[in-house]
Amino acid sequence: MCAALCAGTAAWMSAGGDRAARRAGLVLAGAGASRPAPWWDWERGRRAVRRLRREWLCVPAALLLAVLGGSVLPLALGGFAVPLVGRRLRAAERKRARERRADKVIVLCGAIAGELRAGRQPGQALLTAGRATGALGGAEAAVLAAARFGGDVPAELRRAAREPGAAGLSGLAACWLVSVDGGAGLASGLDRLEAALRAERDQQEGLRAQLAGAWSTVVVLALLPVVGLALGWALGAEPLRVLLHTPVGAGCLLAGGLLEAAGVCWAARIVRAGERP
């Protein structure tokens, strides 16, 4: 059988061997002429750095403290802090996403009112403004399908309003329902809704600006232990050695850490209570 395969291969090469050989030579020549791939791709490295979550920066800081203090305890605390910091960062990102979604809803109301004044029908105005603003989020397909094919647009808008930051869509649904059933002007209702949503957003931004000083106090409270350690290090007291290698220092570190966490959480809770509308 092997002899038959060898004979068939030889016959094929003899029939089209020149053409196959030229093709193989070109492929091999091109492969040999190509530049070798670099050992480091800068674009790939930048993408990897962007994908790296910011909470992992706790690990290098903990590693530095572990080297300076000659103990693995800071490294263990840094690994414990990674999920906590990540949770806090993700909560802040969700809050920013809600605010961006609320701004898009405001823009959507104004865009629909402008399309209506330009002479478009409500369904066409919702289709155009919904695609342009992106305020409908994951429910965009359902809402636009209802607007295009004569479905229950208010119900789809109320369903979309359940998503974070899209509460203003419930007002749009109410305006749409009143306009369809009662014949009221949809454009004027959307103008009033847009004004109300903008006023609410401005009120929240003003309140956030007034509480900026309180948040600065919370940050200073959180950084005070670091400043104390730096002062002790500058005076030659070796605070890391005392905290990490003596029983009294370990007890002070535990008690101070608990008191610091309790104080920061208490102050942050007070400030957050003032931010609530």
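Which pattern does the chain follow, read along the sequence? In this predicted model, the answer is α-α-α-α-α-α-α-α-α-α-α-α. Here are four views to help you find your way around.

**View 1. The whole chain is built with 12 helices and zero strands.** Start here to get your bearings. The chain has 277 residues, and 25% of them count as buried. Its accessible surface comes to about 18600 Å², and carbon and sulfur atoms account for 66% of that area. Now think about who touches whom: among contacts with a separation of 6 or more, 57% are between residues 24 or more positions apart.

**View 2. The largest nonpolar core has 33 residues.** Look for Leu108, Ile112, Leu169, Leu172 and Leu190, the members that touch the most other members. At least two residues of this core come from each of α4 (73-117), α5 (122-133), α6 (140-149), α7 (153-160), α8 (168-182) and α9 (186-210). The helix that gives the most is α4, with seven residues. Zoom in on Leu108 and set aside its neighbours within four places in sequence: Leu108 is then in contact with Ala129, Gly130, Thr133, Ala135, Leu136, Leu169 and Leu172. Two of the names in that list, Leu169 and Leu172, also appear among the core members that touch the most others.

**View 3. Helix α10 packs against helix α12.** Find α10 at residues 212-234 and α12 at residues 247-275. Their axes lie 10 Å apart, at an angle of about 175°. Angles over 145 degrees count as roughly antiparallel, so α10 is roughly antiparallel to α12. On the α10 side, the residues that meet α12 are Ala214, Trp215, Val218, Leu221, Ala222 and Pro225. Their partners in α12 are Glu260, Gly263, Val264, Ala267, Ala268, Val271, Arg272 and Glu275. Sorted by type, the residues of this contact are 10 nonpolar, one polar and three charged.

**View 4. Leu68 sits in helix α3.** You can find this helix at residues 58-69. Is Leu68 buried, exposed or partly exposed? Leu68 has a relative accessible area of 47%, so it is partly exposed. Apart from its neighbours within four places in sequence, Leu68 is in contact with Trp233 and Leu240. Arg241 is worth finding too: Leu68 and Arg241 are 173 residues apart in sequence, yet their C-alpha atoms are 8.7 Å apart in space.

Terms used. Residues numbered from 1 in each chain as written. Predicted model: local features only at pLDDT ≥ 70, side-chain atom pairs only at ≥ 80, totals over all residues. Heavy atoms only, no water. Axes fitted to C-alpha atoms, helices over the stretch in contact; angles between N-to-C directions. Helix = DSSP H or I, 4+ residues; strand = E, 2+ residues; numbered from the N terminus. Parallel < 35°, antiparallel > 145°, perpendicular 65-115°, else oblique. Contact = heavy atoms within 4.5 Å. Nonpolar A, V, L, I, M, F, W, Y, C, P; charged D, E, K, R; others polar. Buried < 20%, exposed > 50% of the residue type's maximum accessible area, 1.4 Å probe, protein only. Areas by Shrake-Rupley, 256 points an atom, 1.4 Å probe, with all protein chains shown as cover. Core = buried A, V, L, I, M, F, W, Y, C linked by side-chain atoms within 4.5 Å.
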